[in-house]
Amino acid sequence: MMKADKKNKILVVDDMAINLELIKNVFALGENFSLVTVSDGKSAIRKAKTNYFDLILLDIMMPEMDGYEVCKILKSYPTTKNIPIIFLTALNSPKDIKKAFQYGAVDYISKPFSVEELTARVNLHISLKRTTEELIEAKRNAEAAAEAKAIFLANMSHELRTPMNGIIGMVDILKRTELTEAQHEYLNIIESSGENLLTIINDILDLSKIEAGHMELESITFSLRDELRRVMNIMQIIANQKKLPIILNIDNDVPAYVKGDPVRLKQIIINLVNNAIKFTEKGNITVSVENQDTKDGKVRLLFKINDTGIGISPEGQKKLFQSFSQVDKSTTRKYGGTGLGLMISRNLTQMMGGDIGVESVEGVGSTFWFYVFLELSDEESYKKQHQEGEGADIDKTPVHVKLKILLAEDNKINQKVAVLNLNNLGHQVDIANNGKEAVEKFENSGYDLIFMDVQMPGMDGIEACKKIRELEKKSGGVKKIPIIAMTANTSKDEKKKYKEAGMDDYVSKPFKQKELITLFKKYTV
Ligand code: ADP
């Protein structure tokens, strides 16, 4: 029930006319109140259901229906359950008082009452109700704003990734043509700028996922040493520009195989090592891993990333691990960065049951540490997983078979990137501009493989894939055509959706030629 005017509306329920008169007189003094009086329980319920009230003053002892019963009924209706009820009664034994509160009253006033007490309690409960309503409203608005922000960020990141597919894809193609040395260098700059931009876009996407509570972790078996060595090899290439050696120390009792999310674990390490390189001019960077505890099938691993860089002041350290926070503004100007890396890392470590922190001395260096819990696993599970194709390392040499490929993609630039890449690999490509066209083309000619964009106008990739699988079933054929989703969204939920629709795999945009080669090896040889 909406409030109609600014006055505080009170419903007074009492079977004695003299009591009603008395209360009316009390509140008639102030202009803030508007009173409605009734003399029995049934009328009280009817009135409360059809009018707005800020508060109800309710007598307990009444013929037919007593105050407790009225209170119980009012508390069970959605529109009346939040109206505060104060009992007004001569029954004032501790048992009666307890009963009143059990039925949902907010307060209790004994008759005969004092005018001051009555007005003070009524004012108090009305103001409490107002404050509660305002808080609920504010919470609702804040939640709606957070949700809108998360959706906006997710959409924006998607929109930003689509043109990046054009830029990175075209650079990849252009680099394979005949170029002068200078042109090659310019392209390298475009490529690394594009990749930096993509990292920022991915960070924003991660942040929006974290804030909306949509971040999910994978659970797969991996070799910790292999993954760490791979990461350090890549990081060393960056550190070489500053002649900084990266030293990796893994304690002997760190298990060989663990189960968890290797991509997200590496993301934390890459963030921290990247920062270490960024803020260090000379000396070295050490990455160490130690086994802190092994219990109940889980291992607690402590990672330390130590640098001999500029260090962070005690005040600066307090600001770390929050979104968009950098130690000071000059850092942004001098070193760049969005200030999202540490915040994302903190959330990821916490999702893995751990935490992150720093010890640092200005001018001497910093040690960022984090610990996480990972499940213990073994070589057998690792091998089994590889046989199933998860994360399998496929030889990346080109496939020398000319394939007939159907490409379903609505974006003209992305069509061009994919066609050039596929032609470059010696394959023939037909284009479908949407899902419907893809289904028609599939029906009318034979293809070796389909690349299917997920978001397309009209019939989307998911629906088109389902249709194709249906047609295959109807025709009784045993051979299913490999369908690969091309997408910017590779969340666990989305991947599940692709699989359920009958897709075999996915390639995330922007993709590079070598990723396509990997897919051909997997699905066509
Ligand atoms: P950014 O993208 O800005 O690097 P981060 O969240 O990764 O975002 O880091 C936030 C800030 O913390 C940096 O801008 C820098 O001021 C400080 N910082 C992080 N790592 C180091 C480090 N190893 N040495 C000195 N300062 C650091």
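## Exercises on burial, salt bridges and strands

K266 counts as partly exposed, since its relative accessibility is 22%; buried means under 20% relative accessible area, exposed means over 50%, and partly exposed lies in between (1.4 Å probe, protein chains only). The model is a predicted one, in which local features need pLDDT of at least 70 and side-chain atom pairs count only at pLDDT 80 or more, while totals for chains, interfaces and linings use all residues. Residues are numbered from 1 along each chain as its sequence is written, and side-chain values use heavy atoms, with hydrogens and water left out.

**Exercise 1.** Find out which parts are tied together by the pair E227 and K266.

*Solution.* Begin with the side chains: those of E227 and K266 meet in a salt bridge, with 2.7 Å from N to O. The term stands for a side-chain nitrogen of Lys or Arg within 4 Å of a carboxyl oxygen of Asp or Glu. Next, place the partners: E227 belongs to helix α7 (residues 224–240) and K266 to helix α8 (residues 262–278), so the pair ties together parts that are 39 residues apart in sequence. Helices (H or I, at least four residues) and strands (E, at least two) are DSSP runs, numbered from the N terminus. Then turn to burial: E227, at a relative accessible area of 14%, is buried, whereas K266 is partly exposed. Finally, look at V263, which also lies in helix α8; its relative accessible area of 56% makes V263 exposed. Between the C-alpha atoms of V263 and E227 there are 9.2 Å, although 36 residues separate the two along the chain.

**Exercise 2.** Compare the salt bridge of E133 and K129 with that of R469 and E472, asking where each pair lies and how covered its members are.

*Solution.* Take E133 and K129 to start: their side chains meet at 3.0 Å, N to O, and the two residues sit in helix α5, four residues apart, about one turn of the helix. E133 is partly exposed at 36% relative accessibility, while K129, at 10%, is buried. Now take R469 and E472, whose side chains form a salt bridge of 2.9 Å, N to O. Both lie in helix α15 (residues 461–474), three residues apart, which is again about one turn, and both are buried. As a further step, follow shared partners: salt bridges join D54, K129, R130 and E133 into one network. The count for the structure comes to 23 salt bridges.

**Exercise 3.** Which residues touch the most other members of the largest nonpolar core?

*Solution.* A nonpolar core is a set of buried Ala, Val, Leu, Ile, Met, Phe, Trp, Tyr and Cys residues joined through side-chain atoms within 4.5 Å. The largest one holds 45 residues, and L224, I246, L265, V273, F303 and F370 touch the most other members. Helix α8 gives the largest share of this core, namely seven residues. To see one member in detail, choose I246: leaving aside neighbours within four places in sequence, I246 is in contact (heavy atoms within 4.5 Å) with residues including M232, M235, V273 and I277. A second, separate core has 23 residues, among them F53, I60, V70 and C71.

**Exercise 4.** With which strands does β15 pair, and in which sense?

*Solution.* First, note that strand β15 (residues 449–453) is mostly covered, for five of its five residues are buried. Its two faces can be read separately: L449, F451 and D453 are buried on one side, and I450 and M452 on the other. Two strands pair if DSSP finds at least two bridges between them. Strand β13 (residues 404–408) pairs with β15 in the parallel sense over four bridges, and L407 stands opposite F451. Strand β16 (residues 483–487) likewise pairs with β15 in the parallel sense over four bridges, with I483 as the bridge partner of I450.

**Exercise 5.** How do strands β11 and β12 run, and how many bridges join them?

*Solution.* Strand β11 (residues 355–361) and strand β12 (residues 365–376) run antiparallel and are joined by seven bridges. For one facing pair, take D355, which stands opposite Y371 in β12. Then consider the turn: β11 and β12 form a hairpin with three residues between them, and in that turn G363 has a positive phi of about 80°.
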